[in-house]
Amino acid sequence: MEKKKTISVMVENHPGVLARIAGLFSSRNFNIESLAVGETEDPATSRMTIVATGDELVLEQIIKQLNKLIDTLKVIDMSKEDYVERELALIKINTEDKNLTHLMHIIHIFKGKVLDTATDSLIVEITGNDDRINSFTQLVQTFGIKEMVRTGIVALTRSKKQKE
Amino acid sequence: MRGAKILLESLKKEGVDTIFGYPGGVLLSLFDEIYNEKEIKFYLVRHEQGASHMADGYARSTGKVGVCLATSGPGATNLVTGIATAYMDSIPIVALTGQVATSHIGNDAFQEVDITGITRPIVKHNYLVRNSKDIPQIVKNAFHIASTGRPGPVLIDLPKDILAGEVESFVYPETPNLLGYKPKYEPNKMQIKKAVELIEKAKKPIVYIGGGVIASSAYEELLKFIEKIEAPVTTTLLGIGVVPYNHPLYLGMLGMHGTKYANYAIQESDLIIAIGARFDDRVTGDVKTFAPHADIIHIDIDPTSISKIIRVDIPIVGDAKNVLKDLLSEIKEKRHPEWIERIMQWKKQHPLTFSCAGEGLKPQMIVEKISELAGPDAIISTEVGQNQMWTAQFYKFTKPRKFLSSGGLGTMGYGFPAAIGAQVANPDKLVIDIAGDGSIQMNIQELATAVKYNLPVKVAILNNGWLGMVRQWQELFFGKRYSYTDISGSVDFVKIAEAYGAAGFKVEKEQNVEKVLKEAFNIKKPVLIDFHICGEENVWPMVPAGGSLHNMLEETELA
Ligand SMILES: Cc1ncc(C[n+]2csc(CCOP(=O)(O)OP(=O)(O)O)c2C)c(N)n1
């Protein structure tokens with residue numbers, strides 16, 4: 001059965017490391033839904049958050065193969081952890097001859113931010129998990145989405161709560 | 001000190017005594033250093049692919065890391081087949097390539113290729129050196145990566161200015177600086193316990209070994225283990241030599257051209273203990289019908305090998321030698337008289353045999369003769385195709401690291417340069433490449449190398465006038481439509497040998513086989529023997545690609 005998994009990979013910040021990860025996914029025929037890369041608290045390491053799909057055997061292989069790369073420091077299977085995840089999307093929505101109040105209402109409900117306005121469109125910033133962004137885009141579909149960009153999911157495990 | 005000198009000093013620290021390679025523009029400063037080099041012997045090849053397989057043959061026959069060197073661009077791309085060959089068979093080599101100057105990288109400069117990009121999927125790791133002073137640490141890391149865990153090739157790309165650049169002093173690091181690389185040698189005790197329970201319960205166990213047993217030098221432990229639990233043992237192509245051919249528990253090779261009894265035993269077993277093997281499709285045939293009654297214990301140092309193709313019951317990540325030691329200390333003696341009896345019956349009923357209807361010598365007979373005359377210490381390489389399978393089936397190996405063959409990639413042209421590499425590493429041993437008339441022509445130019453350095457390698461060409469293995473498939477599965485596999489009469493091998501300064505023989509009659517082999521083995525220079533074998537001989541038995549192991553085709557069934 002196809003499943004989705006969020007995987008966090010800590011890698012040494014060497015040149016070519018992104019190509020190694022991307023190459024691994026293409027040469028092993030793994031499906032990647034999103035990939036977000038950035039520096040961590042330690043500039044010598046990067047953290048990649050990967051959302052991958054596949055059956056259980058494949059997802060297990062993906063984690064092992066990521067671990068096998070020499071530049072990999074640590075692979076965290078987020079689905080085995082308590083974690084938070086977020087994604088950011090910028091969406092340019094058509095406003096020409098549309099009910100702006102209605103649109104502003106939707107943006108408000110989703111705690112969106114308007115970053116830019118023009119006579120015929122505006123750019124909205126939405127943060128949330130995958131579902132939240134998908135519901136927003138569905139709701140504003142009727143206005144017409146001119147352009148959209150998403151960062152891909154980033155995730156962190158929660159700190160263990162201290163017992164009282 | 002020049003970067004080039006730093007490189008050579010670093011290699012020496014790693015115990016490198018041999019480099020196989022070829023020069024070019026960006027390597028001039030390195031070759032200028034090699035010119036004065038006393039401790040490392042350099043072998044000038046005739047094609048960089050040859051250098052890559054020589055490094056591989058050097059590594060397979062000794063267990064040490066093999067080293068090859070090529071210039072940027074076409075030199076580097078010529079190494080690619082050899083690197084992929086080593087990668088597929090987990091062989092430790094370090095490939096050094098020249099690169100255009102760092103200021104030119106990315107400009108499509110003359111003879112620039114992105115060799116780290118090209119080789120990324122076929123190396124264990126690779127490096128582009130960006131600073132001359134990084135050379136020692138990178139060399140340290142490269143040798144460590146190549147030779148530890150699951151071994152494999154590592155490439156170091158060296159731009160021209162990095163080799164020419166001056167570094168104040170040479171300091172070789174004591175340790176690699178690899179934060180995330182920690183191969184797991186020691187198995188998990190819980191897993192050992194579970195495996196022991198399963199082994200003690202099993203009534204029809206079988207041990208299936210691969211190249212990992214050789215990589216970990218677990219020969220003694222393996223033999224003790226199979227004897228202690230009285231389990232028959234079968235091997236992949238790469239595991240040949242670990243168990244002596246005449247060991248009573250030995251079933252020979254399994255899979256597509258394995259023995260019937262090995263395949264039957266796998267199919268009927270209730271427990272497979274896989275050690276350093278990876279369930280390749282040439283071994284399993286149709287995965288869905290593979291070993292339907294068996295639980296599987298899989299021992300491998302590389303976690304990605306486990307549950308990649310077949311879901312296993314008990315994975316054990318660790319070095320084969322350590323795992324076997326732990327198992328041996330935990331497990332009680334076991335006997336399986338009925339199971340062994342059944343297997344002995346199969347062995348009696350379905351021995352490997354050969355007959356040949358057509359004219360010409362029997363290739364299997366030639367392999368047996370070589371086996372008889374060459375002695376237990378001879379090193380045998382093969383090319384790819386029928387020659388390879390006949391050698392795997394009929395050569396009587398008694399020791400590991402004596403059989404060198406490209407298994408995973410199936411590289412025609414591997415055997416001859418690999419034999420040269422093995423001869424360099426084992427100057428006192430008899431080294432023989434058992435070849436096909438197709439494959440040998442893929443790296444035949446290395447005759448010049450063998451002659452130049454006085455390497456008395458022997459080549460036994462099983463000349464059938466065909467790209468035999470492909471022809472066999474065309475015969476069996478494509479209605480004998482022999483599309484572009486006839487290569488008969490293409491060359492006079494004796495003349496070729498003589499033209500290069502080697503000795504050449506042609507053998508057409510059975511009574512001359514032994515005589516010529518004996519003579520050839522006594523000649524202290526490279527010898528090429530052209531055996532004219534019967535053209536349409538096939539390799540039997542055979543599991544058709546994607547078929548089930550218990551359905552093996554045999555010659556008689558088709559007649
Ligand atoms: C480099 C390369 N090209 C093509 C093949 C496909 N192939 C596999 S076996 C074979 C025929 C080999 O012929 P020959 O060397 O004469 O050996 P024989 O099978 O006749 O013993 C071919 C073309 C290969 N394995 N390697």
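Me: Which helices of chain B each supply at least two residues of the shell around the ligand?
Reply: Keep in mind that this is a predicted model. The shell counts 17 residues, with Gln386(B) and Gly468(B) among the closest. The helices that each bring at least two shell residues are α16 (386-394) and α19 (468-477) of chain B.

Me: OK, and which one gives the most to the shell?
Reply: One helix contributes three residues, the most of any. That helix is α19(B).

Me: What does the shell look like by class: how many nonpolar, polar and charged residues?
Reply: Glycines go in the polar class here, and Gly410(B), Gly438(B) and Gly468(B) are among the closest residues. By class, the shell comes out as seven nonpolar, nine polar and one charged.

Me: How much of the ligand does the protein bury?
Reply: Start with the backbone contacts: an N or O atom of Gly410(B) is 2.8 Å from a ligand nitrogen, and a polar backbone atom of Met412(B) is 3.4 Å from a ligand nitrogen. Met469(B) puts a backbone N or O atom 2.9 Å from a ligand oxygen. On its own the ligand would expose 580 Å², and the share of that buried by the protein is 76%.

Me: Over in chain A, is Leu115(A) buried, exposed or partly exposed?
Reply: Leu115(A) sits in strand β6 (residues 113-117) and belongs to a nonpolar surface patch with Leu90(A) and Val149(A). Buried needs under 20% and exposed over 50%. Since its relative accessibility is 44%, Leu115(A) is partly exposed.

Terms used. Residues numbered from 1 in each chain as written. Chains lettered and ligands numbered in written order. Predicted model: local features only at pLDDT ≥ 70, side-chain atom pairs only at ≥ 80, totals over all residues. Heavy atoms only, no water. Patch = residues over 30% accessible without salt bridge, like charges linked within 9 Å, V, L, I, M, F, W, Y side chains within 5 Å. Areas by Shrake-Rupley, 256 points an atom, 1.4 Å probe, with all protein chains shown as cover. Salt bridge = Lys/Arg side-chain N within 4 Å of Asp/Glu carboxyl O. Helix = DSSP H or I, 4+ residues; strand = E, 2+ residues; numbered from the N terminus. Buried < 20%, exposed > 50% of the residue type's maximum accessible area, 1.4 Å probe, protein only. Near = heavy atom within 4 Å. Polar contact = N/O pair within 3.5 Å; in protein donor to acceptor, adjacent residues only side chain to side chain.
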